[in-house]
Amino acid sequence: MKSCKLNRLILCCASLMPVFLSCSQKEVLMGDLNVIPVPFEVVEQNDGMSFVIDRSTKICYPEGNEKMKRNAEFLASYIKHLTGTEVKLTTKADEDAIQLSLDETVGFDEGYELNVSKNLVTLKGKTEAGVFYGIQTLSKIMPITDGTKLAAIPAGNIKDHPRFDYRGFMVDVGRHFFSVDYLKEVIDMLALHNINYFHWHLTEDQGWRIEIKKYPKLTEIGSKRNGTMKDWETKEVDNIPVSGFYTQEEAKEIVRYAAERYITVIPEIDMPGHMQAALAAYPELGCTGGPYEVATTFGVFEDVLCAGNEKTLTFAKDVINEIMDIFPSSYVHIGGDECPKKHWKTCPKCQKKIKELGLKKTKNHTKENQLQAWFMGEVEKEIQKRGKVMMAWDEILEGNPNKSTTVMAWTSPEARVRSVESGHKTIVCPITNYYFSNPRNNKLKGVSSIKKVYDFEPVPENVTEEQKKNIIGAQGCIWTEWTKDSVKMEWQMMPRIAALSEIQWSEPQNRNLDDFLKRLKHQLEIYKAYGYNYKQDIHDDLGK
């Protein structure tokens with residue numbers, strides 16, 4: 001077989017053009033170095049030369065490095081799945097090989113350099129994570145074959161690194177529960193798109209989804225509801241029970257699985273609003289004492305945690321400490337959004353706490369908003385004791401929170417401006433562009449839904465250069481009020497997540513929508529190969 005490789009015919013550099021090897025008589029399909037997300041620098045040799053993957057191909061990795069061994073295993077599995085060719089792993093450098101290595105001279109922690117010649121592919125990164133992202137690129141360069149054809153990688157060089165350190169995606173499991181096995185599939189989807197943070201929204205009015213051992217009723221009672229609202233107009237409930245939660249061991253398994261793919265899981269316990277499931281389990285934590293029930297409809301509810309109750313603060317700290325025991329992430333998200341203050345205004349405990357704290361109404365902040373900021377600040381102290389950073393949605397800015405809080409700007413594009421001007425590290429996720437499940441703002445319709453994502457630049461122009469540095473990343477979100485199954489989830493994700501990944505990873509000067517849409521055709525083929533669902537109407541706009 002080696003002699004066959006030495007006598008390969010020169011391949012045409014056009015993507016996916018068939019060529020035959022004289023000795024094996026196997027058709028060879030050429031790949032394309034231009035992938036999603038678009039790399040920082042791509043240099044194609046354009047001389048027809050390529051590296052052909054066949055059974056004699058080896059993947060070499062550094063001996064004794066378990067992460068690099070796992071990287072090599074990932075690459076081998078991608079090659080097998082996409083091309084049907086089974087390659088070997090080795091720790092000994094050889095010709096006709098894909099060599100994975102670490103190199104301190106690569107300029108970015110998550111950066112990589114990929115070099116392809118006729119007899120050798122070298123992929124090096126400063127870290128194992130960088131090599132992993134190079135592997136994602138390499139897998140997307142490969143053509144998809146049926147196993148009767150061989151895959152060829154065009155000769156050339158790629159130097160690449162991410163624009164943002166934070167590249168996130170959020171999935172809400174409070175409204176509808178998704179199994180551990182399916183969440184692992186979602187994590188694989190994120191890995192394919194170079195996303196490195198999985199924001200896991202674990203609690204809602206409609207369901208508490210994570211085991212807390214000190215408060216067992218949260219899952220005994222709070223993880224179950226009697227039905228689900230069918231539509232906004234009638235608010236009719238279907239009376240079909242919904243339940244489900246993750247044990248702490250299952251959550252740790254998700255963390256482990258994600259970490260192998262260089263993805264950090266950020267847990268979210270949404271407080272003090274969106275807490276009807278918790279109040280149903282522990283009614284003494286509310287201002288009115290209940291009775292409460294796990295919500296069967298959607299929206300913003302007036303029953304929230306009682307911020308003036310010492311037991312409530314103890315509860316919040318206890319829950320967050322158990323969460324931090326499960327999740328090693330440096331970030332912990334505690335919500336802070338959509339918290340009506342109606343009951344706080346008349347609650348004796350809340351008003352007493354406002355008086356004790358000496359909170360006064362100001363031009364920009366009500367006393368009750370400041371009470372929420374105080375409550376969140378007390379929880380933040382607990383988080384900081386563990387050396388971690390608190391995240392919250394941008395409504396927290398209504399109460400003038402500590403500058404140490406990282407803000408997720410979701411309510412509008414202007415929210416990111418308010419956040420960075422206030423001195424907060426900010427993640428951009430506006431409902432108008434990056435909420436994939438919002439039918440009013442982001443309809444699932446062909447290229448128009450992609451354009452909505454692709455054309456939104458996370459870093460605003462109308463702030464100072466210093467303030468721009470506070471934008472640390474961007475994130476897509478899926479809320480599952482109307483998302484009950486994996487098909488709908490994936491329709492909402494793909495192919496918009498490909499557009500998001502290019503926003504998160506690639507420099508603005510390298511991005512172009514028309515070029516992206518050309519590259520998207522192969523990305524859709526990858527989705528098909530992995531069995532991922534997307535709405536077929538995208539082909540009407542792209543052409544078959």
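**Barrel.** I looked up the main sheet of this predicted model and found a closed barrel of eight strands in the order 12-13-18-19-20-21-22-23, with parallel pairing; strands here are DSSP runs of E with at least two residues, helices are runs of H or I with at least four residues, both numbered from the N terminus, and two strands pair if DSSP finds at least two bridges between them. Neighbouring strands of this sheet are turned by 30 degrees against each other on average, direction ignored, where axes are lines fitted to C-alpha atoms, for helices over the stretch in contact, and angles run from 0 to 180 degrees between N-to-C directions.

I note that residues are numbered from 1 along each chain as its sequence is written. Local features need pLDDT of at least 70, side-chain atom pairs count only at pLDDT 80 or more, totals for chains, interfaces and linings use all residues, and side-chain values use heavy atoms, with hydrogens and water left out.

**Strands 12 and 13.** I followed strand 12 (residues 166-172) to strand 13 (residues 197-201), which runs parallel to it and is joined to it by five bridges, and I found that Val171 has Trp200 in strand 13 as its bridge partner. Helix 17 (residues 496-505) packs on the sheet, in contact (heavy atoms within 4.5 Å) with strand 12 and strand 23 (471-478), and its direction makes about 150 degrees with that of strand 12.

**Cores.** I then turned to the nonpolar cores, which are sets of buried Ala, Val, Leu, Ile, Met, Phe, Trp, Tyr and Cys residues joined through side-chain atoms within 4.5 Å, buried being under 20% relative accessible area, exposed over 50% and partly exposed in between, with a 1.4 Å probe and protein chains only. The largest has 144 residues, of which Trp200 and Trp208 touch the most other members, and helix 4 (residues 180-192) gives the most to this core, with nine residues. A second, separate core of 16 residues includes Met391, Trp410, Tyr435 and Trp479.

**Strand 2.** In a regular strand the side chains alternate between the two faces of the sheet. I checked strand 2 (residues 27-30), where Glu27 and Leu29 point one way, Val28 and Met30 point the other way, and all are buried. Strand 2 pairs with strand 10 (residues 149-154) in the parallel sense over four bridges, and Leu29 has Ala151 as its bridge partner there.

**Asn512.** I placed Asn512 in the loop between helix 17 and helix 18 (513-530), and its relative accessible area is 40%, so I logged Asn512 as partly exposed. Leaving aside neighbours within four places in sequence, Asn512 is in contact with Tyr454 and Arg519.
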